[in-house]
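Reader: I'm new to reading structures, so please take your time with one part. I'd like a close look at the empty space sealed inside, and then at whatever goes on around it.

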Amino acid sequence: MSHKRANRLVLLVIFFCYLLMPFSVSAEEWDMSVDGHAEYRFENNQPRQTPLIFSPTIIGVEESQTVLTPVLAIQAYKEAFSVFGQIRGEHDGEQKDRLELDEFFIEYALNSRHFLSVGRRTIIHGQSLGINPADVFLNRLDVDATKSVNRQRIEIQGQNMLGWEMLVNSQLSLSGYWMPDIKAVSQDRPDRALLAVSYVLPGMNADTNFLIFDDEQPGAGGTFSKSIGQSTLFYVEAIFHQGRKLDALIPEQNGSGSFLIKEGDKSKIFNRTSIGISYIFSSNIVTNFEYYHDDNGYGEREWDDIQSLIYANRDAATNRVSHRNQLSLNKQLRHFTLRRDYGFSRIEVPISKQQNRKVEIAILHNFHDNSGVFNTRLEQEFSETFTAGLYLSDSYGGSLGEFELRSGLPSAHLYLVKTF
Amino acid sequence: MMLLKPFFSSLTLFAVLFVSFIFIANSSLAMANCAEPNLLEKVDAIRGPAESFQFQVKITDPNGSNATLSVRIKGQAKNLIRYIAPPRSKGRTLLFVNDNMWVYIPGSRQVLRISPGQRILGGAASADIARIAFGLDYQVIDTEALPDNLGERRCLLRLGRYSDAAIYDTIELIIAGEEARPIEAVFFASSGKRKLKTAYYEGYQSLFEQNRPTILRIVDHLNDDEETIVEYSNYQLTATPDAWFNPAYLKRLK
């Protein structure tokens, strides 16, 4: 979203806020809290040529850079009104400054159980850590996978919406959100809406959510999570939507490397499901294992076609037609996952008695071609406000494997986070 | 003197028998008290002064790191824990309703179900702080009278896991006095033999017309017997609205 649009949205929300606020309210009567953190990071990335990316510069990643990322969150309360805001900046050595308005919304409590909201906010459903299909409006490519699991969902831009929530009792809640396709606030997305029913199953130690949503691919789904005993958690998320998210790529018969783009089938129902289990050991080691299936992904035959296209355009550096084809392939394959079956595993191990130093290893693995990406993170809390960390990431698999094709991005980050 | 010797021997024998009788009778009496059916309820009543209340907890781990939490209790089964400090954790909230537990991490806008065994800081598990009532998760398997201390009865209660939320398999709880003040609790792993930690209930103060512990000293046997200190303060009787115990409310807590 452009800064102009962001500014317009902020003005709109502030204007709405003033319309609703009683004139007698003065700023000093608000109960306000300001929190935030700032990260100073040194990145060393090694973007490399792959059969899909003939020139590393094409993906726009700097080899080495230092980045400062301040995040400021504000909450203010006054009687029935609450205001939430989060601004995130980014400043790197190349002086390419960025300012994102992640959240800014006002919530009005009709009473202790009914809430109305307007503005930009993030809504999340589901429990999966690897791939979260119940997060129906999230474009996974917007998530910065180099951040820790918690920060990935904090440092992300929300969506402009009108919201309604009703807490029926301590077990049941209903919610509805509308993200209108109005030029000033649509964030270049179509009209979207979501209705959700959340229910804590009494006596089963389980939660369930039912979702109905309207989007480019409208659908419905649900989530279920259940704790078993003192250490185990089981969770599943399943979404069914109408219309395929990925387009089919059909090679032209002449072997030139050119291809036709056939829009995904709009009539069929497609399923995305994640099943996971988490176990916490008495030593506080936490493990997660998840399986993810996506009907949208390319099947074997389609993937063979894609690989043949990639191979046919391998001389993109010298051939103009191949160059154009490769750029088009790149664009078409810009999705978080391209195939149907994945495994995700994560282990977090405290390596100090005081639990202030830990190692996290996470792997996303493609079961079809045995390619994958792994991230390792070592984090040390030095004081109540300072944390330092080292992050290493790389992919594995054959040169035409999904993750080797797309990422080709071994990277190392050294960072220091100050919380205030 | 020779005539008196049998007399003294008889007297000594009598004295020994009398003292033994008193001791046995006393022990029998203590044993009877320890078999009292509502001992665990008494213990829970000491740890929880009212139906609905709140307090603050300061946890200091063996490294000297601190966490300050605000805790709200409603009934025996609904608990809310909110981090006040350190800044890194501020706003993080844990919700317990019966056997269900969730965590909310500020900024993430996501409420996640968690396992009861999740730790807060040092040797303190979330359930150690929030599950005020033993009777929710454990039942008395047997009791044993211990020697009196300063004229007060002391009982050992062996507690066994009762609910899924119980994070220990067995607990050996030592209580003292007629009011059944908790003194010491030893927590065992699922094998029933592996000692995980020992908690000492200390700093008894008069709160709401009864002596209640204000310090919980936890010795972590899995980590070289390192100590975590949990200090309770600012007890207030407050009625927390029911809506606050809905997971969807967590992001709204101030």
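Author: Let's pin down the word first: on a 1 Å grid over the protein atoms alone, a cavity is a set of points where a 1.4 Å probe fits but cannot get out, and its lining residues have an atom within 4 Å of a point. Grid points are joined across faces, edges and corners, and the volume is the space filled by probe spheres set on those points. You're looking at a predicted model, where local features need pLDDT of at least 70 and side-chain atom pairs count only at pLDDT 80 or more, while totals for chains, interfaces and linings use all residues. Residues are numbered from 1 along each chain as its sequence is written, chains are lettered from A and ligands numbered from 1 in the order they are written, and side-chain values use heavy atoms, leaving out hydrogens and water.

Okay, on to the holes. There are eight cavities of 30 Å³ or more, and the largest holds about 530 Å³ of space. Its lining takes 35 residues, with Ile124(A), His125(A), Ser198(A), Asn209(A) and Val111(B) nearest the centre. Helices (H or I, at least four residues) and strands (E, at least two) are DSSP runs numbered from the N terminus. With that in hand, you can find the elements that each put at least two residues into this lining: strands E7 (172-179), E8 (192-201), E9 (206-214), E10 (219-228) and E11 (232-242) of chain A, plus strand E6 (110-113) of chain B. E7(A) gives the most, five residues. By class, the lining has 14 nonpolar, 14 polar and seven charged residues. Here Ala, Val, Leu, Ile, Met, Phe, Trp, Tyr, Cys and Pro count as nonpolar, Asp, Glu, Lys and Arg as charged, and the others, Gly among them, as polar.

The second largest cavity is about 170 Å³. It has 18 lining residues, and Ala127(B), Asp128(B), Arg131(B), Phe134(B) and Tyr168(B) are closest to its centre. Two or more residues come from each of helix H3 (126-130), helix H4 (134-137), strand E13 (195-202) and strand E16 (215-220) of chain B. That lining is 14 nonpolar, no polar and four charged.

Since both chains line the largest cavity, let's see how they meet. Counting contact as heavy atoms within 4.5 Å, 47 residues of chain B and 52 residues of chain A take part. Buried area is the accessible area (1.4 Å probe) that two parts lose on being put together, summed over both. For these chains that comes to about 4200 Å², with carbon and sulfur atoms giving 44%. On the chain B side, Arg88(B), Arg109(B) and Arg113(B) lose the most area to chain A, together 19% of what that side buries.

Side chains of opposite charge can pair when their charged atoms come close. A salt bridge puts a side-chain nitrogen of Lys or Arg within 4 Å of a carboxyl oxygen of Asp or Glu. Between chain B and chain A the count is six. Asp207(A) makes a salt bridge with Arg113(B), their closest N and O atoms being 2.7 Å apart. Over all chains, a search of the whole structure finds 37 salt bridges. Glu302(A) and Arg244(A) form a salt bridge too, with the closest N and O atoms 2.9 Å apart. Glu302(A) sits in helix H3 (residues 300-312) of chain A and Arg244(A) in the loop between E11 and strand E12 (248-251) of chain A, so the pair ties together parts 58 residues apart in sequence.

Key:
On a 1 Å grid over the protein atoms alone, a cavity is a set of points where a 1.4 Å probe fits but cannot get out, and a pocket is an open set with protein on both sides within 12 Å along at least five of seven lines; lining residues have an atom within 4 Å of a point.
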